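Dear colleague,

I am handing over the structure we spoke of, and I would be grateful if you could look through it with the notes below beside you.

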Amino acid sequence: MKLPMHYYSWTTVIGAAIAAVSLFMIVILFLMSLIFGDSDNYSGLFTFIILPSIMFIGLSIMLFGILIRIRSSKKQQFNREVRFPIVDFNDPRQRFIVVLFAMGVSVFIVLSALGSYQAFHYTESNEFCGTLCHKVMEPEYVAYQGSSHARVQCVECHVGSGAGWYIKSKLSGLYQVYSVLVGAYPTPIPTPLHNLRPAQETCEKCHWPEKFYDRKYVLHKHYLADEENTEWDIGLVMKTGPAYRALGLIEGIHWHINKDVVIEYASTNPKRDTIVWVRYSNLKTGEQFVYRNDEIPVTEDELAKLEFRKMDCLDCHNRPSHHYKSPAQYFDAAMTAGNISKLLPDIKIVAMEILRNEFPSRDSAFKYIEKQVLEYYELLYPEIIEDNRDMLENAIRAIQEGYANNTFPTMKVSWNVYPNYMGHIVNNGCYRCHNDSFKSKENRVISRECNLCHLIKEQGKPGEMEFATGQEYLEFVHPVDIKDKWKKVFCAECHVELY
């Protein structure tokens, strides 16, 4: 059996050639990935998305050529009866052709199914999400790789289970691809606060509210911006839950997600960092209290136009996998790890002065960091240049690495563009509500008392530490004597300037 010659045309031949070459390249790339292990991100893009698309385009061109040829033949022979091919299974040659055709179609269907399956998994992979559009996604991908969720697939949080959100994410992805191709994306890219899937459908698949989280002891090492890089340690008991498990979620930080309590709030801006209205509802007792911020008064008409949101995990853990550290934080971490020597006088002063600046590119930042550090020590500590050059170069590399992991000039991303609200040092975080300014008509106040969230068990310089024993705790002592100013202003008012 064979199709009549008038079914064939150059269009058909070209389409068949495109499909055949594409299929051949798909097979070769797939075999290479099997032989040499995981292929790079772009070969996966070609193997499972681009080349299959080209192959289907070739098949479509081939079918289009046949249809055009048939239509043309009908016009030329409209007085004649148009006959379709006759398949005679009694003819061994035709039978062989039909079997061969059926086998080819079956193989094609199987390969299409496998390819579709691989394409699905490829588009769900972390590499596809993070490295395909390298320039655009680099900040979030780098931050993700250093997070506590680095082994959690991106789609588990950003998509979750279910066909509805899968389709929604792919449609959103098409627009994102278009934005990248035409350069229509903003810099920095806004956090998608208002179209993220609710935490109850993603985060709580692992971190369910009913689970008890014990209190946690944490020890932070800080270094002052002085000549000796004076170390100041503080040990805290984080009051994630109550002192005793039997009390459940009646107190502690996670009290906010108690199933018997509903916290709602309204903010004046899309970032939700300026909160003006809070309502507490106790579903068990029926109590309800509404708090207004005396520092930011709003009228009822203005309030009615604002977005009202029920508080969930993401209102505090708003950067669970993409946290950008401030220069002070990554400097202290590098010094604690020994990558920056404590023996380098003034090194934190120098680093903070440098990192207050903005740079047009990473290369310019690296060069400026190296130049300024070397010039400072050549001028004031030439003996270090002569005797401890390696120590100084290690410090330069550590500062550059911290900068590279937290600041991305091309996308206009820096550590303060995406604030992490789980704290209160470099932004107002907890103080958005806990600031002593929210009061109800019953004269209840949302307190900024430190001990609501943590208890200080030790603090001070090594060798001069002050300790609390048993159930006792310490009052915070600021490492630099600023009297009681720390009680009256928010931490970020000074620390955002890298003091």
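What follows is a short account of a sheet, a surface patch and one histidine.

Please keep in mind throughout that this is a predicted model.

The sheet is an open one, in which five strands follow one another in the order β6-β3-β4-β5-β7 with antiparallel pairing. Because β6, covering 307-310, and β7, covering 438-440, stand at the edges and have a single partner strand each, one side of each is left without a neighbour in the sheet. On average, and with direction ignored, neighbouring strands of this sheet are turned by 25° against each other. At the β7 edge, the partner is β5 (residues 288-293), which runs antiparallel to β7 and is joined to it by three bridges; within this pair, Arg292 stands opposite Lys439 of β7.

On the surface there is a nonpolar patch of about 770 Å², to which Leu23, Val27, Phe30, Leu31, Ile35, Val107, Val110, Leu111 and Leu114 belong. Two helices, α1 (10-36) and α3 (92-123), each supply at least two residues of this patch, and it is α1 that gives the most, with five residues, whereas Leu114 has its place in helix α3.

The histidine is His454, which lies in strand β8 (residues 454-460). Its relative accessible area is 14%, and because the cut-off for buried is under 20%, His454 counts as buried. If neighbours within four places in sequence are left aside, the residues in contact with His454 are Leu236, Val237, Met238, Lys239 and His424.

With best regards

Key
Residues are numbered from 1 along each chain as its sequence is written. This is a predicted model: local features need pLDDT of at least 70, side-chain atom pairs count only at pLDDT 80 or more; totals for chains, interfaces and linings use all residues. Side-chain values use heavy atoms; hydrogens and water are left out. Two strands pair if DSSP finds at least two bridges between them. Helices (H or I, at least four residues) and strands (E, at least two) are DSSP runs, numbered from the N terminus. Axes are lines fitted to C-alpha atoms, for helices over the stretch in contact, and angles run from 0 to 180 degrees between N-to-C directions. Patches are made of residues with over 30% relative accessible area and no salt bridge: like charges are joined within 9 Å, nonpolar side chains (Val, Leu, Ile, Met, Phe, Trp, Tyr) within 5 Å. Accessible areas come from the Shrake-Rupley method with a 1.4 Å probe; for residues, only the protein chains shown count as cover. A salt bridge is a side-chain nitrogen of Lys or Arg within 4 Å of a carboxyl oxygen of Asp or Glu. Buried means under 20% relative accessible area, exposed over 50%, partly exposed in between (1.4 Å probe, protein chains only). Contact means heavy atoms within 4.5 Å.
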